[in-house]
Amino acid sequence: IGDDETQEAVVVDPGDAEEVLQILRSKGLKCKQVLVTHGHLDHILGARELKEATGAAIVINAQDLPLWERVGAQCADFGVAAPLAPLPAPDAFCEDAQEVTVSGSLRYRCLACPGHTPGSTSFVFPESKLLCAGDTLFRGGIGRTSWAGIPSLVGTSDSVMILHSIKDKLLREDPDTRVITGHGPETTVGMERTANPFVR
């Protein structure tokens, strides 16, 4: 998500750093921050490479720091190759309702949305009417909260809290706001208010 005038950008959940870097180069954008919606491996594995390539600051909710630090255990549980080196320590911790201006018109607001993970956070970009929901909200669905048989994630989710986060935070945004989900097609706040069977 970038600012056309300053050519500066933020990247949300870098799973594949090389793909992200190619997009940044093609658009002439410089990544200033890496925003992490939650600490699951598929959302963070590209963070080190992206930071090393761009110098961007990594931002995450402190409640997900244990997941960030245990990415190797997550990889083992899912049969994925672990990073060759530990992920770098985050540069900053985001807080609920915090508003950040990156440059020019590029700004965002943090919404703490615990449930899928303790520190799940959604990022609202008001100028673009865009909400990056991570794995909290999907089109017609919600994030997973049961991790039976996955030791690194057992006990890290809460099925009641995720519903509160969606109803009390995400669905109170403008109904025309586009929702970019962690997996699957995008949606809108208004569509999920009326059609999502989990929160009606």
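This section describes the strand pairing in two open sheets of a predicted model.

The sheet built from E1 to E4 has four strands. Their order is E1-E2-E3-E4, and the sheet is open. Pairing here is parallel. Strands E1 (8-12) and E4 (92-93) lie at the edges. Each has a single partner strand, so one side of each is left without a neighbour in the sheet.

Strand E1 runs parallel to strand E2 (residues 30-35), and five bridges join the two. Two residue pairs locate this contact. Ala 9 stands opposite Cys 31 in E2. Val 10 has Gln 33 of E2 as its bridge partner. Despite its edge position, E1 is mostly covered, with four of its five residues buried. From E1 the chain passes through helix H1 (residues 17-27) to reach E2. This β-α-β crossover is right-handed.

The other sheet, also open, contains six strands. They follow the order E5-E6-E7-E8-E11-E12. Pairing in this sheet is mixed. Its edges are formed by strand E5 (99-103) and strand E12 (187-188). Each of these has a single partner strand, so one side of each lacks a neighbour in the sheet.

Within the six-strand order, E8 is followed by E11. Strand E8 covers residues 130-134, and strand E11 covers residues 178-181. The two pair in the parallel sense over four bridges. Gly 134 has its bridge partner in E11, namely Thr 181.

Methods. Residues are numbered from 1 along each chain as its sequence is written. This is a predicted model: local features need pLDDT of at least 70, side-chain atom pairs count only at pLDDT 80 or more; totals for chains, interfaces and linings use all residues. Side-chain values use heavy atoms; hydrogens and water are left out. Two strands pair if DSSP finds at least two bridges between them. Buried means under 20% relative accessible area, exposed over 50%, partly exposed in between (1.4 Å probe, protein chains only). A crossover is right-handed if, with the strands pointing away from the viewer, the path from the first strand over the helix to the second runs clockwise.
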